[in-house]
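Biologist: I am new to reading structures and would like a close look at one part. Please pick a helix, show me how it fits in, and then work outward from there.

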Amino acid sequence: MSELIQEILQKEYLEKADLVAMLSAEGEDRQLLFEQAAAVKAAYVGNKVYYRGLIEFSNICGKNCLYCGIRAGNKNTHRYEVEEQEVLDAARYAWENKFGSLVLQSGERSDKAFVDRIEHLLREIKALSNGELGITLSLGEQSEETYHRWFEAGGHRYLLRIEVSNPELYPKYHPHNKKHDYRARLDCLHLLRKVGYQVGSGVMIGLPFQTAEDLADDLMFLREHDIDMVGMGPYIEHEDTPLYKYKDKLLPKQERFDLALKMVASLRIMMKDINIAATTAMQTLDPLGREKAVKVGANIIMPNLTPTRYREDYLLYEDKPCLDEDADECRRCLEARIHMAGGEVGFGEWGDSKHFKKRKESGNS
Ligand code: SAH
Ligand code: SF4
């Protein structure tokens with residue numbers, strides 16, 4: 001088997017069967033996969049890890065994704081919206097501590113009050129940081145006009161995971177209605193590119209019914225859509241969701257984590273110059289999960305800057321870590337962890353996707 005993996009890892013273009021073999025690699029093969037991913041990372045994006053301070057702005061959501069703990073149908077969640085001054089304080093903290101960028105994430109809403117509020121916040125954050133903080137948005141599906149307004153106000157990257165790239169599987173994890181339509185989500189990814197954002201997407205790994213073939217398709221989807229940045233992590237069950245009833249079909253947590261790690265490594269080998277996040281869900285399944293992801297290809301980390309009093313209400317899944325850590329503790333802990341993983345923090349830099357820059361320069365944006 002090792003010879004086969006060695007051969008695959010040298011290929012210019014990875015086919016689906018190659019990706020399935022990489023995702024199934026064990027023992028020495030798995031080690032080779034990780035070493036190759038680390039080498040590609042060092043050669044194409046270097047060992048810097050960039051921070052995106054995460055503000056979980058609100059858990060109010062109009063959708064009902066079957067896997068998500070803050071879905072509208074979960075009546076056990078106390079709903080919140082972070083106050084404006086608290087968002088601005090968190091942004092100032094990020095700026096003063098040279099985080100480079102922020103991520104504003106929330107449940108999905110598209111009413112006027114919400115759209116206006118985000119636009120206003122973006123302008124305020126830009127103003128308080130002299131335009132120095134980069135801003136990533138992760139606020140779900142919106143109209144072209146909304147994407148445009150937020151872009152004009154200062155958002156320049158947008159993360160919208162496709163979640164599962166196979167249109168036939170999508171309805172297994174989402175209600176069957178217009179609000180949860182695969183085609184509409186895909187159209188949003190195209191709109192984001194058209195408006196000018198650096199486009200991020202990603203998937204959940206280890207969902208019930210998902211196979212290694214499905215995950216290989218997911219990787220090929222990200223390549224086909226020329227995605228600039230990827231956030232993907234393991235699916236983690238949440239008791240108050242419809243998908244919970246399949247919990248006995250899931251891979252054990254350590255195996256699910258390992259599969260996610262192989263996805264990160266395979267993606268780095270396949271899309272050499274994109275940005276890849278070491279997600280919080282990785283850390284949930286393994287206390288050193290983010291460090292391990294950084295070693296095999298990830299170069300983005302999202303320290304949580306959500307004011308502590310809101311954190312336990314933003315429970316997308318069970319056992320989310322760092323619910324009681326304040327921003328200072330989180331920053332110190334992370335920096336030490338990144339050093340441990342052989343990385344260095346790119347303080348004060350935006351750390352934009354090199355892939356995006358290349359496409360822009362070649363005039364294909
Ligand atoms: N509402 C926005 C952004 C917030 S949700 C959106 O849906 O795009 C951010 C991400 O959390 C989702 O894209 C999904 O991939 C992830 N997520 C939700 N529930 C999860 C779970 N149970 N396990 C792992 N990830 C989950
Ligand atoms: Fe809402 Fe996003 Fe959760 Fe879906 S994944 S229910 S859109 S917060």
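Modeller: Let us start with helix H4. Its buried residues are Glu86, Val87, Leu88, Ala90, Ala91, Tyr93 and Ala94. Buried means under 20% relative accessible area, exposed means over 50%, and partly exposed is in between, with a 1.4 Å probe and protein chains only. Helices (H or I, at least four residues) and strands (E, at least two) are DSSP runs, numbered from the N terminus.

Some ground rules. This is a predicted model, in which local features need pLDDT of at least 70 and side-chain atom pairs count only at pLDDT 80 or more, while totals for chains, interfaces and linings use all residues. Residues are numbered from 1 along each chain as its sequence is written, chains are lettered from A and ligands numbered from 1 in the order in which they are written, and side-chain values use heavy atoms, with hydrogens and water left out.

Now check the length of H4. At 1.5 Å a residue, its 13 residues should span 18 Å, and the end C-alpha atoms are indeed 18 Å apart, so the two agree. The expected span is 1.5 Å times one less than the number of residues.

What do the buried residues of H4 pack against? Their partners are strand S1, strand S2 (101-106), helix H5 (112-128), helix H13 (308-311) and helix H14. Contact here means heavy atoms within 4.5 Å. Just after H4, lysine 98 takes a positive phi of about 55 degrees.

Before H4 there is a loop, and threonine 77 sits in it, between S1 and H4. Threonine 77 counts as buried because its relative accessible area is 18%. Its side chain joins that of asparagine 74 in a polar contact of 3.0 Å. A polar contact is a pair of N or O atoms within 3.5 Å; within protein, one must be able to donate a hydrogen and the other to accept it, and residues adjacent in sequence count only if both atoms are side-chain atoms. Threonine 77 also touches Asn59, Gly69 and Asp313, leaving out residues up to four places away in sequence.

Next, follow H4 to its partner H14. Helix H14 covers residues 327-340; its 14 residues should span 20 Å at 1.5 Å a residue, and its end C-alpha atoms are 20 Å apart, which agrees. Ala327, Cys330, Leu334, Arg337 and Ile338 are buried in H14. They cover an arc of only 95 degrees around the axis, so they lie on the same side of H14. The arc is that of the directions from the helix axis to the C-beta atoms. The face turned away from that buried side carries exposed Arg332 and Met340. The buried residues of H14 pack against several elements, among them S1 (48-58), H4 (84-96) and helix H12. After H14 comes glycine 342, with a positive phi near 80 degrees.

H12 leads us to helix H3. The buried residues of H3 pack against helix H1 (2-9), helix H2 (16-23), helix H10 (253-270) and H12 (289-295). Those buried residues are Asp29, Leu32, Leu33, Phe34, Ala37, Val40 and Lys41. H3 (residues 27-44) has 18 residues, which should span 26 Å at 1.5 Å a residue; its end C-alpha atoms are 26 Å apart, which agrees. Glycine 46 follows H3, and its phi is positive, near 80 degrees.

Look at leucine 32 again. Its C-alpha atom is 7.5 Å from that of glutamine 6, although the two residues are 26 apart along the chain. Glutamine 6 is in H1. It counts as partly exposed because its relative accessibility is 43%.

One more stop: ligand 1. It has 17 residues around it, and Tyr67, Ser106, Arg161, Glu163 and Ile236 come nearest. Near means that a heavy atom of the residue lies within 4 Å. A nitrogen atom of ligand 1 is 3.0 Å from a polar backbone atom of serine 106. An oxygen atom of the ligand is 2.6 Å from an N or O atom in the side chain of glutamate 163. Arginine 185 has a polar side-chain atom 3.1 Å from an oxygen atom of ligand 1. The protein covers 92% of the 540 Å² of accessible area that ligand 1 has on its own. Such areas come from the Shrake-Rupley method with a 1.4 Å probe; for residues, only the protein chains shown count as cover.
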